[in-house]
Structures are given as structure tokens and as C-alpha cells.
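I opened a new model today and kept notes as I went. The entries follow the order in which I looked things up.

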Amino acid sequence: MINYKVMKKYTESRKLFNKAVQIIPGGVNSPVRAFKAVGGNPLFIDHAKGSRIYDADGNAYIDYVLSWGPMILGHAHPAVVKALKSAVGKGTSFGAPTALETGLAEQVLKIYPSIEKIRMVNSGTEATMSAIRVARGFTGRDKVIKFDGCYHGHADGLLVKAGSGAATFGLPDSPGVPKSYARNTITLPYNDPAALTKMIEKDWREIACVIIEPVVGNIGCVLPRPGFLETLRTVTKKHGIVLIFDEVMTGFRVSFGGAQKYYGISPDMTCLGKVIGGGLPVGAYGGKKEIMAMVSPEGPVYQAGTLSGNPLAMTAGITTLKELSRPGIYKKIEQNSALLEAGLRDAAKRAGVVTRFYRAGSMFCTYFTGADVFDYPTAKTADTKKFGRFFAEMLRQGVNIAPSQFEAGFMSLAHSERDISRTVTAAYDALKKI
Ligand code: KE4
């Protein structure tokens, strides 16, 4: 039973943070965890189970960050824990191929028909970085188109007007990225088919690929307008440009078959991450056979990784996808997500606070703005200070949401109706206060 009214104590988290910040930049191993966008110091988490995480002081929270997407089954799912416990005793890494890698690859190819061959890596960053290198090798062209506010990991050439942490810190171009790298990256406005078509018709001979978050989860949750993805597919096909769907976040999240299934668009390459590893470090990139034939050692484009296809990570991924493929699972996750959406919309209305709420499958975002949000500039109309106060109030009431207006929230199978109604009550109370 969580008693929200009790004032929480954070002494352990504070002690751990003060120690960490001496030896780890910002006290965290990934910037967005540092609460810089919302103020205060980060909570240090001790353990998690189902829909809940527990901090070092023993405070419990209903969790909608879910490790930024991976924990769609909920934390410490019994089947995943059991599978990992039996796998770990067989050794943790061999640096040699295993049947597990083929197993996870087979599962993914069944769910993503556009992927005919796939390579496992260790993160979403590695997946997008490698997919772009392969697209450049396949086409012999250098330029990459990305979209304003989209975040594809922290590879040098992609930190150009990135979303996620960079957007939160208002650092559209990270120091340390040579101008020569950024020069090959063209950034266009999201949801602007005219700008896209104009750029491609002008420069297609130099453009190797277009990489896109088909639903943008790194400036909150921004949906593609009808026709935008279709135009993207048509104009890239016309000019032999590789269309890369970065489904690191949307994969298995917007639907079991990702955004490409949800919107009915077949990309040339897909990047995956997060859910595919079930909480362990896994990324993957794949696509058409003739493109993936470029990848070493089959082809000349080099890409490698000591822990790629790690047996424990593969085990977690295989078990997670097996659980997700059971009948009725996505229906339940959709019901949970729709219930939360209805509750949050109603809470804002009753509290008399103007917000905009967007959702695609089980990823969503509440923007504190009265403007329709359809790209980076409109997302930036949101009142980030108000969001910061909302975040703090929700945390005090035992609900953990993303510590930035420019991040998506996630739903899991493990969230109960009771969790969701408590979340809605906490949101109403928080909205009344801020
Ligand atoms: P990783 O290298 O963090 O595994 O994946 C990079 C990445 C690539 N593509 C998309 C669409 C992504 O959302 C991400 C990573 N997402 C962030 C959340 N906005 C991860 C959280 C963090 O950076 O700590």
C-alpha cells in the first residue's frame, strides 16, 4: 500500500548522489537522469518490480519511465528473471556465435517483414551509427537527412539539433562534433513534406539516407501527420535513397510490429533497441538483403562489437518477445494506455489547466501548452517550468514520470487499473497545485 500523503525522505539518495557526483560526470551515466530539466537531485533506485520502482530510501513509485522504454512487461518479469538465472550459470560471454543470436534474429524477422537480415549490437546509438555507415557504403553517397528534434543516439554526425537530452539542455549542436561531420548532416523540419521533397529533388545525388523517428519520442511524443511518412517513402524510393526507420523507441512500443506496422510503411532499414533487449544492452539494425550484404564479413562495410549478441542480453530479449507474442498482451497494454489517456485528459479539464496530450500505442506525452504540437518548434512552446512543478508534485505523490518535458512516457503490461486511477488522482492534485 503506498501512502502518498506521507512526506518522503531522500537522505540515502542524496548521500549516494553526493558520492557519485565526485567521480561520475553529473553523478549519472546518462545526462537526462540528472533531473537538470526539472531541478533537484536524482533519485537513486534500489530495485523494481512490476509497475513500481523503489528508491534507496524505500520510497515506492508507479513508474512510467520504464528505463526509457525497455520494461514494457514491467520490471523483473518472472519469466525474464527465471531465464536469466538459468543462463548466467552457463557463462556470460564467449566472443563466438551462439544459437541464441539466431533465435532472437528469427523472432524479429517474423515480426518485421521489412527486415530480411539483421545485425545485433549493444545500443541504439550503435544501431543507428552502423545503419548510416551501411547506407553510405551501399549508395556511395555521403549526406544524411535527419529531422529537427529527432534523437538517434550520440554518434557525432547525429548530434545536430538532436532531441532528448540535447533538446532538454538547449544544446542543439554538441561541442566536440567537428564541423566536417555536421556538414554531411542535413536537418529538416518534421512533418513538412514540401521541405523534404524540395531538399531531396535538389540534392538526391549526394544523399545516402534519411533517418527518422516515425513517431518522435525525443521531444515528447510527436505524431506524423497523414501523408508525411508516405511522401518520405515515395521520394526516397524514387531517388534510391535508403529510408531508415529509427524504431529504437517505437519498436514493439507503438505496436508489436512497431511504427512501420502501425502506419503501414516499409522502410529499407530499421534500427531497434530498448524492448528488444528486455532491459539488457541490445541494439540491432537490419533491412533488405542486398543492403545488409554490405556488412562485414559478408561485405566491405566494417562494424563490430565485443559483446554484440551477448548470451544474457539475447536471453532477456528472446524471453521478452516470447511473452509479448502471447495472445491478448497488446490488447491489455492498449487498454492500459487508453485508460491513462482518458484519465489524464479529464484531470487537466477538471483542474482547468490547458495541456495537449498525444499518444501512439503505449508511448505518450502531456505538453503544457495550448498550441497543437507537430514538430520541434511547436513542442518548444510548452511551459517547461510548469512541467518541472508538475514533475515534482507527481514524484511527491509517488508517481515517476520522465524528468523532462521533452521525453515520452511509457505504459507496461504490469500497470493495474488501480495504479492508473491513483496516477490520475495524483495528476489532478498536482495540476490543481501548479
Ligand atoms: P541508446 O544508445 O541510448 O541505447 O539509444 C539511442 C536512441 C536512438 N534512437 C532513439 C529513437 C532513441 O530514443 C534513443 C535513446 N532514447 C533516450 C530516451 N529519450 C535514452 C535515454 C537516455 O539517453 O538516457
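These entries go from the whole chain to the ligand and then to two sets of strands.

**Entry 1: the whole chain**

I note at the start that this is a predicted model. I counted the secondary structure first. The protein chain has 15 helices and 14 strands. I then checked the radius of gyration, which is 21 Å. The globule rule gives 22 Å for 434 residues, so the chain is as compact as a globular protein of that length. I also looked up the extent of the C-alpha trace. Along its principal axes it spans about 60 × 55 × 45 Å.

**Entry 2: where the ligand lies**

Which domains give residues to the shell around the ligand? I found that domain 1 (11-64 + 327-433) and domain 2 (78-324) both do, so the ligand lies between them. The ligand has 17 residues around it. Ser30, Thr125, Asn218, Asp246 and Glu407 come nearest. I sorted the shell by class as well. It holds eight polar, five nonpolar and four charged residues.

**Entry 3: contacts of the ligand**

I looked for polar atoms beside the ligand. Gly124 has a polar backbone atom 3.0 Å from an oxygen atom of the ligand. Tyr151 also offers a polar backbone atom, here 3.5 Å from a ligand nitrogen atom. With Lys274 the side chain takes part: one of its polar atoms lies 3.1 Å from a nitrogen atom of the ligand. How much of the ligand does the protein bury? Taken alone, the ligand exposes 540 Å², and the protein buries 86% of that.

**Entry 4: a hairpin**

I turned to strands β1 (residues 45-49) and β2 (residues 52-55). They pair in the antiparallel sense over four bridges. I picked out one bridge: His47 has Tyr54 in β2 as its partner. The two strands form a hairpin with two residues between them. In the turn, Gly50 has a positive phi of about 65 degrees.

**Entry 5: a three-stranded sheet**

What is the strand order in the open sheet of three strands? I read it as β11-β12-β14, with antiparallel pairing. β11 (356-360) and β14 (409-410) are the edge strands, and each pairs on one side only. I followed β11 to β12 (residues 363-367). Five bridges join this antiparallel pair. One of the residues I checked was Arg359, whose bridge partner in β12 is Phe364. I added a reminder for reading such strands: in a regular strand the side chains alternate between the two faces of the sheet.

Definitions and conventions:
Residues are numbered from 1 along each chain as its sequence is written. This is a predicted model: local features need pLDDT of at least 70, side-chain atom pairs count only at pLDDT 80 or more; totals for chains, interfaces and linings use all residues. Side-chain values use heavy atoms; hydrogens and water are left out. A residue is near a molecule or strand if one of its heavy atoms lies within 4 Å of it. A polar contact is a pair of N or O atoms within 3.5 Å; within protein, one must be able to donate a hydrogen and the other to accept it, and residues adjacent in sequence count only if both atoms are side-chain atoms. Accessible areas come from the Shrake-Rupley method with a 1.4 Å probe; for residues, only the protein chains shown count as cover. Ala, Val, Leu, Ile, Met, Phe, Trp, Tyr, Cys and Pro count as nonpolar, Asp, Glu, Lys and Arg as charged, and the others, Gly among them, as polar. Domain bounds come from an automatic or database domain assignment. Two strands pair if DSSP finds at least two bridges between them. The radius of gyration is taken over C-alpha atoms; the globule rule is 2.2 Å times the number of residues to the power 0.38.
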